[in-house]
Amino acid sequence: MILSQSPIPWFDDFVGVAYRYYDLRMNVVPLFTKRKEATDLWHDSINWWLDHSIKIRFVESGDHYWFIMGADSSKPQSNISFFKVLPKSENYERFKNGHQGEAYLRLGIYADKELKDVKKDAMCNCGHAAEDHDKNDNDACLYEVCTCKTFKSFQVNLLKKKKTVTDIEFLDESNVKDDSLAWNCLNVNKYSKEN
Ligand SMILES: [Zn+2]
Ligand SMILES: [Zn+2]
């Protein structure tokens, strides 16, 4: 008898992924702008994932990478798999080099911050602190060499619930066929859309 498996839907409606040290371990943190969206998603899907079955795949392609995540669920009817194409970043490289085969999965809430929202030592995206920005000049950076015209920062709040992930792999698009989750993702979300 052949059991037919209904395909698990792919989900990419989140804003990005953060990589953070927290609780002495690297955390992989898919980011949402609305807390309710994240808590609902956890409650409906991730909560039912079987820890040992959770897979995270990173497929590199030029200066971008595909973040791919999926698992077996004890509630298969509400299961989803995640993917997102993201630019490679310093934090991504740090995770790649430092994860040692294990990570915590948590969801995070991402919020943009303006100068009036932050303490004076908060970092702007330009790399200079809040106190080096001028409230009387549209919050522009005071460093002459800097082109920053307005202080901009962001904050990530991590939700408490977490899962442990021990199946993490970095792949090239050329060997993606050997990995069923990554292959399925690229097939559905990339190759089948190309003509
Ligand atoms: Zn600056
Ligand atoms: Zn700045």
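**Figure 1. Sequence spacing and geometry at the zinc ion (ligand 2).** Along the chain of this predicted model, the residues that donate to the zinc ion (ligand 2) follow the spacing C-x1-C-x6-H-x14-C. These protein donors are Cys124 through SG, Cys126 through SG, His133 through NE2 and Cys148 through SG, and they lie 2.1 to 2.4 Å from the ion. The arrangement around the zinc ion (ligand 2) is tetrahedral because its 4 donor atoms subtend angles of 99 to 118°. For four tetrahedral donors, the ideal angle at a metal is 109.5 degrees. Of the donor residues, Cys124 and His133 are both buried.

**Figure 2. The site of the zinc ion (ligand 1).** Coordination of the zinc ion (ligand 1) is provided by Cys126 (SG), His128 (ND1), Cys141 (SG) and Cys146 (SG), at 2.1 to 2.4 Å. The spacing of these donors in the chain is C-x1-H-x12-C-x4-C. This site is also tetrahedral, with angles of 99 to 122° among the 4 donor atoms of the zinc ion (ligand 1). His128 has a relative accessibility of 18% and therefore counts as buried, the limit being 20%.

**Figure 3. Cys126 between the two zinc ions.** The zinc ion (ligand 1) and the zinc ion (ligand 2) are 3.8 Å apart. Cys126 coordinates both of them. With a relative accessible area of 25%, Cys126 is partly exposed.

**Figure 4. The surroundings of Asp132.** Asp132 is placed in the loop between β8 and β9 (133–134). Because its relative accessibility is 22%, Asp132 counts as partly exposed. Beyond residues up to four places away in sequence, Asp132 touches Ala140, Cys141, Leu142 and Tyr143. One of these contacts, Cys141, is also a donor to the zinc ion (ligand 1). Asp132 and Tyr143 are 11 residues apart in sequence, and their C-alpha atoms are 7.3 Å apart in space.

**Figure 5. Helix α1 and its buried face.** Helix α1 comprises residues 35–44, and Ala38, Leu41 and Trp42 within this helix are buried. Seen down the axis of α1, the buried residues fall within an arc of 100° and so line one face of the helix. An α-helix has 3.6 residues a turn, so residues three or four places apart point the same way. Lys36 and His43, on the other side of α1, are exposed. The elements that cover the buried residues of α1 include β1 (10–11), β3 (25–32), β6 (81–87), β7 (103–105), β8 (108–113) and β12 (163–165).

**Figure 6. Aromatic pairs and an aromatic cluster.** The count of aromatic pairs in the model comes to 21. Among them is the pair of Phe11 and Phe14, which is stacked, with 6.1 Å from centre to centre and 15° between the planes. Phe11 and Phe14 are both buried. Both residues also belong to one aromatic cluster, formed by Phe11, Phe14, Tyr19, Phe32, Trp49, Phe58, Tyr65, Phe67, Phe82, Tyr92, Phe95 and Phe170.

**Figure 7. Charged side chains over the ring of Tyr104.** Arg25 lies over the face of Tyr104, 4.5 Å from the ring centre. Lys162 likewise lies over the face of Tyr104, at 4.4 Å from the ring centre.

Notes. Residues are numbered from 1 along each chain as its sequence is written. Chains are lettered from A and ligands numbered from 1 in the order in which they are written. This is a predicted model: local features need pLDDT of at least 70, side-chain atom pairs count only at pLDDT 80 or more; totals for chains, interfaces and linings use all residues. Side-chain values use heavy atoms; hydrogens and water are left out. Donors are N, O and S atoms within 2.8 Å of the metal (3.2 Å for Na, K and Ca); water is not among the atoms, so sites may look incomplete. Four donors count as tetrahedral if all angles lie between 85 and 135 degrees; four count as square planar and six as octahedral if opposite donors are over 155 degrees apart and all others between 65 and 115; anything else is irregular. Buried means under 20% relative accessible area, exposed over 50%, partly exposed in between (1.4 Å probe, protein chains only). Rings of Phe, Tyr and Trp (its six-membered ring) pair if their centres lie within 6.5 Å; planes under 30 degrees apart count as stacked, over 60 as edge-to-face and the rest as tilted. A charge sits over a ring if NZ of Lys or CZ of Arg is within 6 Å of the ring centre and within 35 degrees of the ring normal. Helices (H or I, at least four residues) and strands (E, at least two) are DSSP runs, numbered from the N terminus. The arc is that of the directions from the helix axis to the C-beta atoms. Contact means heavy atoms within 4.5 Å.
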